[in-house]
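Thanks for asking me to go over this one. Here are my notes, in numbered points, to read with the model open beside you.

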Amino acid sequence: MRRRYLAVLLTLPLLAACATPAASAGPPAAAPAPEQSYWPGQEELMEAGGRIDTVGPRRWPDSYAGVATDMPVGMLLVYRIPTPGIDAQIRALVPQVRVRMIDVAHSARQLAAWSEQVRADVPWWQRQGVTVHGFYNRFGECVVVEVAEPHRDADRITAHYRPMPVCVELGYPFVPLTAD
(Lines give C-alpha, C1' and ligand atoms only; values in the text may rest on other atoms or scores of the structure.)
Protein backbone atom coordinates (compact mmCIF):
# COMPACT_ATOMS: atom_id res chain seq x y z
CA MET A 1 0.00 0.00 0.00
CA ARG A 2 2.77 2.39 0.92
CA ARG A 3 4.51 1.83 -2.43
CA ARG A 4 1.35 2.76 -4.33
CA TYR A 5 1.14 6.10 -2.50
CA LEU A 6 4.80 6.75 -3.20
CA ALA A 7 4.30 5.98 -6.90
CA VAL A 8 1.34 8.37 -7.06
CA LEU A 9 3.28 11.11 -5.28
CA LEU A 10 6.21 10.71 -7.68
CA THR A 11 4.04 10.79 -10.81
CA LEU A 12 1.89 13.80 -9.88
CA PRO A 13 4.54 16.41 -10.80
CA LEU A 14 5.11 14.60 -14.09
CA LEU A 15 1.39 14.54 -14.90
CA ALA A 16 1.08 18.22 -14.01
CA ALA A 17 3.98 19.08 -16.29
CA CYS A 18 2.44 17.13 -19.16
CA ALA A 19 -0.92 18.83 -18.67
CA THR A 20 0.58 22.33 -18.96
CA PRO A 21 -0.18 23.82 -22.38
CA ALA A 22 2.85 24.06 -24.69
CA ALA A 23 2.17 27.65 -25.69
CA SER A 24 1.02 29.93 -22.93
CA ALA A 25 -0.08 33.49 -23.16
CA GLY A 26 2.26 35.85 -21.45
CA PRO A 27 5.79 37.10 -21.73
CA PRO A 28 8.29 34.96 -23.65
CA ALA A 29 10.60 32.80 -21.60
CA ALA A 30 14.05 34.16 -20.92
CA ALA A 31 16.94 32.69 -22.87
CA PRO A 32 18.68 29.89 -21.00
CA ALA A 33 21.84 30.80 -19.17
CA PRO A 34 25.04 29.91 -21.01
CA GLU A 35 26.44 26.53 -20.06
CA GLN A 36 29.20 26.54 -17.53
CA SER A 37 31.96 23.99 -17.91
CA TYR A 38 32.42 21.50 -15.14
CA TRP A 39 36.07 22.42 -14.65
CA PRO A 40 37.06 25.99 -13.84
CA GLY A 41 39.33 27.33 -16.57
CA GLN A 42 38.46 24.52 -18.98
CA GLU A 43 37.88 26.77 -21.98
CA GLU A 44 41.21 28.56 -21.51
CA LEU A 45 43.03 25.25 -21.12
CA MET A 46 41.41 23.75 -24.21
CA GLU A 47 42.22 26.82 -26.31
CA ALA A 48 45.85 26.78 -25.15
CA GLY A 49 46.12 23.08 -25.94
CA GLY A 50 44.71 23.70 -29.41
CA ARG A 51 47.25 26.45 -30.00
CA ILE A 52 50.13 24.15 -29.03
CA ASP A 53 48.74 21.30 -31.13
CA THR A 54 48.46 23.57 -34.16
CA VAL A 55 52.00 24.94 -33.88
CA GLY A 56 53.78 21.86 -32.50
CA PRO A 57 53.87 19.57 -35.53
CA ARG A 58 55.04 22.38 -37.83
CA ARG A 59 57.61 24.02 -35.55
CA TRP A 60 59.05 20.88 -33.89
CA PRO A 61 58.24 17.98 -36.25
CA ASP A 62 61.00 15.76 -34.86
CA SER A 63 60.27 16.51 -31.19
CA TYR A 64 56.56 17.20 -30.69
CA ALA A 65 54.40 14.18 -29.75
CA GLY A 66 51.09 15.67 -28.62
CA VAL A 67 49.17 17.52 -25.95
CA ALA A 68 46.53 16.48 -23.43
CA THR A 69 44.67 18.17 -20.60
CA ASP A 70 44.61 17.34 -16.93
CA MET A 71 41.37 19.11 -16.00
CA PRO A 72 41.32 18.33 -12.27
CA VAL A 73 44.78 19.86 -11.88
CA GLY A 74 44.20 22.62 -14.46
CA MET A 75 47.28 21.83 -16.50
CA LEU A 76 48.37 20.95 -20.04
CA LEU A 77 50.48 17.85 -20.54
CA VAL A 78 52.85 18.30 -23.48
CA TYR A 79 54.50 15.16 -24.81
CA ARG A 80 57.81 15.87 -26.50
CA ILE A 81 61.26 14.50 -27.09
CA PRO A 82 63.56 16.66 -24.93
CA THR A 83 65.20 19.14 -27.26
CA PRO A 84 67.12 22.32 -26.35
CA GLY A 85 64.77 25.29 -26.17
CA ILE A 86 61.49 23.49 -26.88
CA ASP A 87 60.13 23.76 -23.33
CA ALA A 88 60.63 27.53 -23.14
CA GLN A 89 59.13 28.02 -26.61
CA ILE A 90 56.03 25.97 -25.72
CA ARG A 91 55.54 27.83 -22.44
CA ALA A 92 55.90 31.15 -24.29
CA LEU A 93 53.01 30.13 -26.59
CA VAL A 94 50.65 29.72 -23.63
CA PRO A 95 51.92 31.80 -20.70
CA GLN A 96 48.47 31.93 -19.10
CA VAL A 97 48.29 28.18 -18.30
CA ARG A 98 50.33 25.66 -16.36
CA VAL A 99 52.27 23.22 -18.53
CA ARG A 100 53.94 19.94 -17.60
CA MET A 101 56.44 18.52 -20.08
CA ILE A 102 56.51 14.75 -20.47
CA ASP A 103 59.54 13.06 -22.00
CA VAL A 104 58.78 10.57 -24.77
CA ALA A 105 60.80 8.51 -27.22
CA HIS A 106 59.00 9.19 -30.53
CA SER A 107 57.53 12.23 -32.26
CA ALA A 108 53.95 12.39 -33.51
CA ARG A 109 55.28 12.53 -37.08
CA GLN A 110 57.25 9.30 -36.64
CA LEU A 111 54.30 7.52 -35.01
CA ALA A 112 52.00 8.71 -37.81
CA ALA A 113 54.32 7.17 -40.41
CA TRP A 114 54.39 3.88 -38.51
CA SER A 115 50.62 4.01 -38.08
CA GLU A 116 50.22 4.34 -41.86
CA GLN A 117 52.33 1.20 -42.26
CA VAL A 118 49.97 -0.66 -39.91
CA ARG A 119 46.97 0.72 -41.83
CA ALA A 120 48.37 -0.60 -45.11
CA ASP A 121 48.96 -4.03 -43.56
CA VAL A 122 45.44 -4.58 -42.16
CA PRO A 123 44.25 -6.63 -45.20
CA TRP A 124 47.46 -8.68 -45.05
CA TRP A 125 46.89 -9.39 -41.36
CA GLN A 126 43.33 -10.45 -42.15
CA ARG A 127 44.69 -13.02 -44.64
CA GLN A 128 47.03 -14.26 -41.88
CA GLY A 129 44.04 -14.90 -39.61
CA VAL A 130 44.63 -11.86 -37.39
CA THR A 131 41.63 -9.60 -36.89
CA VAL A 132 42.76 -6.00 -36.44
CA HIS A 133 39.88 -3.99 -35.00
CA GLY A 134 41.72 -0.69 -34.87
CA PHE A 135 44.91 1.18 -34.19
CA TYR A 136 45.97 4.55 -32.86
CA ASN A 137 49.05 6.33 -31.59
CA ARG A 138 49.81 6.53 -27.89
CA PHE A 139 51.57 9.86 -27.29
CA GLY A 140 55.27 9.36 -27.99
CA GLU A 141 55.23 5.70 -27.03
CA CYS A 142 53.89 3.30 -29.65
CA VAL A 143 51.32 2.46 -32.28
CA VAL A 144 48.58 0.59 -30.44
CA VAL A 145 47.19 -2.26 -32.53
CA GLU A 146 43.86 -3.56 -31.26
CA VAL A 147 43.21 -7.18 -32.18
CA ALA A 148 40.64 -9.83 -31.36
CA GLU A 149 43.14 -12.21 -29.73
CA PRO A 150 46.17 -10.37 -28.35
CA HIS A 151 47.29 -13.36 -26.29
CA ARG A 152 47.67 -15.32 -29.53
CA ASP A 153 48.82 -12.59 -31.94
CA ALA A 154 50.99 -10.14 -29.95
CA ASP A 155 54.30 -11.91 -30.55
CA ARG A 156 53.68 -12.21 -34.31
CA ILE A 157 52.70 -8.56 -34.64
CA THR A 158 55.57 -7.14 -32.61
CA ALA A 159 58.07 -9.39 -34.46
CA HIS A 160 56.68 -8.27 -37.83
CA TYR A 161 57.12 -4.58 -37.01
CA ARG A 162 60.44 -4.78 -35.15
CA PRO A 163 62.05 -2.30 -34.33
CA MET A 164 58.89 -0.18 -34.63
CA PRO A 165 57.26 0.32 -31.19
CA VAL A 166 53.95 -1.53 -31.22
CA CYS A 167 51.62 -2.11 -28.28
CA VAL A 168 49.18 -4.96 -28.96
CA GLU A 169 45.93 -4.78 -27.01
CA LEU A 170 42.48 -6.30 -26.97
CA GLY A 171 40.14 -4.54 -29.36
CA TYR A 172 36.51 -4.90 -30.29
CA PRO A 173 34.72 -4.61 -33.62
CA PHE A 174 33.24 -1.28 -34.54
CA VAL A 175 29.50 -1.24 -33.86
CA PRO A 176 27.76 1.82 -35.29
CA LEU A 177 25.04 3.42 -33.21
CA THR A 178 21.61 3.31 -34.74
CA ALA A 179 18.69 5.68 -34.41
CA ASP A 180 16.44 2.93 -33.05
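**Notes on the model**

1. Let me start with a salt bridge: D103 pairs with R80, and their closest N and O atoms are 2.2 Å apart. D103 sits in strand β3 (residues 98–103) and R80 in strand β2 (residues 75–80), so the bridge ties together parts that are 23 residues apart in sequence. The two ends sit in unlike surroundings: D103 counts as exposed at 53% relative accessibility, whereas R80 is buried at 5%. For the cut-offs, buried means under 20% relative accessible area, exposed means over 50%, and partly exposed is in between, with a 1.4 Å probe and protein chains only. A salt bridge here is a side-chain nitrogen of Lys or Arg within 4 Å of a carboxyl oxygen of Asp or Glu.

2. Some housekeeping before you read on. This is a predicted model, where local features need pLDDT of at least 70 and side-chain atom pairs count only at pLDDT 80 or more, while totals for chains, interfaces and linings use all residues. Residues are numbered from 1 along each chain as its sequence is written, and side-chain values use heavy atoms, with hydrogens and water left out.

3. Now the overall layout. The chain has 5 helices and 6 strands, in the order α-α-β-β-α-β-α-β-β-α-β from the N terminus. These are DSSP runs numbered from the N terminus: helices are H or I with at least four residues, and strands are E with at least two. Buried residues make up 30% of the 180 residues in the chain. Of the contacts between residues at least 6 apart in sequence, 50% join residues at least 24 apart; a contact means heavy atoms within 4.5 Å.

4. Back to the charged pairs. How many salt bridges does the rule give? The count comes to 10. One of them joins D62 and R109, with the closest N and O atoms 2.1 Å apart. D62 lies in the loop between α2 (42–59) and β1 (64–70), and R109 is in helix α4 (residues 108–127), so this pair ties together parts 47 residues apart in sequence. D62 counts as exposed, at 51% relative accessibility.

5. R138 and E141 make another bridge, with closest N and O atoms 3.9 Å apart. Both ends are partly exposed: R138 has 25% relative accessibility and E141 has 41%. Elsewhere, salt bridges with shared partners join E149, R152, D153 and R156 into one network.

6. The chain has 1 disulfide, where a disulfide is a pair of cysteine sulfur atoms within 2.5 Å. C142 and C167 form this link, with their sulfur atoms 2.1 Å apart. It joins distant parts of the chain: C142 is in strand β5 (residues 142–147) and C167 in strand β6 (residues 166–170), 25 residues apart. The link is left-handed, with -115° about the S-S bond. Both C142 and C167 are buried.

7. Next, a helix pair. α2 packs against helix α3 (residues 86–93) at an angle of about 145°, with the axes 10 Å apart. The axes are lines fitted to C-alpha atoms over the stretch in contact, and angles run from 0 to 180 degrees between N-to-C directions. R51, I52, V55 and R59 of α2 meet Q89, I90 and L93 of α3. By class, this contact has 4 nonpolar, 1 polar and 2 charged residues. Here Ala, Val, Leu, Ile, Met, Phe, Trp, Tyr, Cys and Pro count as nonpolar, Asp, Glu, Lys and Arg as charged, and the others, Gly among them, as polar.

8. Two residues to click on: D53 and G66. D53 lies in helix α2 and is partly exposed, at 40% relative accessible area. Leaving out residues up to four places away in sequence, D53 touches Y64 and V67. The C-alpha atoms of D53 and Y64 are 8.8 Å apart, with their positions 11 residues apart along the chain. G66 is in strand β1 and is buried, at 4%. With the same neighbours left out, G66 touches L77, V78, Y79 and F139.

9. Finally, have a look at the backbone at P163. A cis peptide bond joins R162 and P163, with omega about 10°. P163 is in the loop between α5 (150–161) and β6.
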